[in-house]
Amino acid sequence: MIQRSKLKEFLHNYGYLIVFVGILLLFNGIIQLNGNGLTPNEGGDDNFFRTVANQQGVLQFVHSRYETWSSRVLIEGTLFFFVTHTVLWRIVNSLAILIIIYVPYRSILRNDNKEQNRRLFLLAAGVVVMGPLELLYNTGWIATTLNYLWPLAAMGVTLIPIIDKYQGHRRKPVLVILGILLALYATNQEQVCGMLILISSGLLIHQLINKNLDWYTGYLWFLSLASFIFIMTAPGNIARKESETAHWFSDFNSLTIFRKVELGFSATAKSFFLEPNILLILTTILLIVITINKEQFIPAAAAGVVLLFNLMVLKPSVAFVKFLKSFGQYGSNFQLRVIGTWVPDGILILLVGLLCFSMYKALDQSEYKILAIIVMLLGSISRLVMGFTPTIWVSGIRTFSFLYMSMIIVAIMLIKVLLRINWKQSKLIIMGIAATAVAMILLNFIAVV
């Protein structure tokens, strides 16, 4: 009787999590790794890695790639293993998705009320599943997830001990050890490495000012810096850039630094603001509801403008189509002496400014206002730097992974504000999020079957 009572209590407290993990395992279990028409060449890069894995050893492969193609030795060594152990990949990939949901939930929404936490976790999960499914399979399911999704999950675990420190929680030794180990994998990915350098540098400066240095933050800084040096000096990266330039963007090296910055900005902002983006629509709706509730109508109008531009994509006017065509291989073709060429970048800068202004006004505490801007800035920089690579156009949506994660974090921060306002008023929005999330999950299941 006692055991049955404990089992009932366990299921009451964690049944929702068991069901959700089951859904994740089912989703990853039914994925057809040959692409099912989703991935390029019926499997994408997975086919290449699987062929090589059947022909040579991992050390030989990793050394060859380091010399001729990539500095991602840890990532590609792991990929070498999982392309031939696909059942394990399905399990670990489910765990990676769970981590990406859990970290922002744990850091932003979780409280002491277990009843509320069940709903809050599922709410965070609902926001995450609104990200584009293509982020997971853009160049093959296994290759894409190990190069982008897993480094993102590893970075999340790596940051938990730092988040615990600033939230006044006692660090758990297990999470510290996991953070130390997973940081090695995370920093092997160039975009994550850059973000961790910026995050750890900012934190160390803050700690120095407050005379409260933290060894774990110092470890992340040294590791990120060492990884950055490793990435920049890897012969494979240099050889790959030359090869990719000749193949994809022959006159890339003739572009000035300004032109590369503009290319990175316009390519990123155009795709984010002027292409279908469910996460952006959700975020702007949250901003409008919160700011109107606070009787801040100018920030509400600012968010409305951003929402309007994104919705115009669904049924574009002739003028809007003409505006979109002003972007090309070289970005917006901005020319300092031709004022008319300023318009495309000017509109994109305006949209960025309006979104940041509305976020700043919607969030409650000053530290959260600044944190939201920093999170979006980090995500944006992670994609903007693609302007310094000749593969900015062929890399696809997968290089937006960290920008979309930034938007997910901000959306969850806004949901927390919304829940504080009034449950009755926010209930409709929450129901809308839940309904959209369920629809996205069903569509994703249909897409992979």
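**Notebook: a patch, three helix pairs and a salt bridge**

**Entry 1, the surface.** I began on the outside and found a nonpolar surface patch of about 570 Å², made by Leu198, Ile257, Val261, Leu377, Ile381, Val385 and Phe388. I am working with a predicted model, so everything here is read from that prediction. Which elements give two or more residues to the patch? They are helix H12 (257-273) and helix H17 (366-384). I also looked up Phe388, and found this residue in the loop between H17 and helix H18 (401-421).

**Entry 2, H12 again.** Having met H12 at the patch, I checked how this helix packs with helix H16 (residues 342-362). Their axes come within 10 Å and cross at roughly 65°, and the crossing is left-handed. On the H12 side I noted Glu262, Phe265, Ser266, Ala269, Lys270 and Phe273. These meet Asp345, Leu348, Ile349, Leu351, Val352 and Leu355 in H16. I sorted the contact by class and got eight nonpolar, one polar and three charged residues.

**Entry 3, H7 and H8.** Next I turned to helix H7 (141-166) and helix H8 (173-186). At what angle do their axes cross? I read roughly 145°, with the axes coming within 8 Å. H7 passes H8 in a left-handed crossing. From H7, the contact includes Leu146, Trp150, Pro151 and Met155; from H8, Leu175, Val176, Leu182 and Tyr185 are among the residues taking part. By class I have 15 nonpolar, two polar and no charged residues here.

**Entry 4, H9 and H10.** I then followed the chain to helix H9 (residues 190-209) and helix H10 (residues 215-233). They pack at an angle of about 145°, with their axes 8 Å apart, in a left-handed crossing. Among the H9 residues in contact I listed Glu190, Cys193, Leu196 and Gln207, and the H10 residues they face as a group include Trp221, Ser224, Phe228 and Ile231. The contact divides into ten nonpolar, seven polar and one charged residue.

**Entry 5, salt bridges.** Last, I looked for charged pairs. Side chains of opposite charge can pair when their charged atoms come close. How many salt bridges are there? I count nine. I picked out Asp214 with Arg171, whose closest N and O atoms are 2.7 Å apart. Why did this pair catch my eye? Asp214 lies in the loop between H9 and H10, and Arg171 in the loop between H7 and H8, so the salt bridge ties together parts that are 43 residues apart in sequence. That brings me back to the two helix pairs of my earlier entries.

Conventions:
Residues are numbered from 1 along each chain as its sequence is written. This is a predicted model: local features need pLDDT of at least 70, side-chain atom pairs count only at pLDDT 80 or more; totals for chains, interfaces and linings use all residues. Side-chain values use heavy atoms; hydrogens and water are left out. Axes are lines fitted to C-alpha atoms, for helices over the stretch in contact, and angles run from 0 to 180 degrees between N-to-C directions. A crossing is left-handed if the near helix is turned anticlockwise from the far one by less than a right angle, and right-handed if clockwise. Contact means heavy atoms within 4.5 Å. Ala, Val, Leu, Ile, Met, Phe, Trp, Tyr, Cys and Pro count as nonpolar, Asp, Glu, Lys and Arg as charged, and the others, Gly among them, as polar. Patches are made of residues with over 30% relative accessible area and no salt bridge: like charges are joined within 9 Å, nonpolar side chains (Val, Leu, Ile, Met, Phe, Trp, Tyr) within 5 Å. Accessible areas come from the Shrake-Rupley method with a 1.4 Å probe; for residues, only the protein chains shown count as cover. A salt bridge is a side-chain nitrogen of Lys or Arg within 4 Å of a carboxyl oxygen of Asp or Glu.
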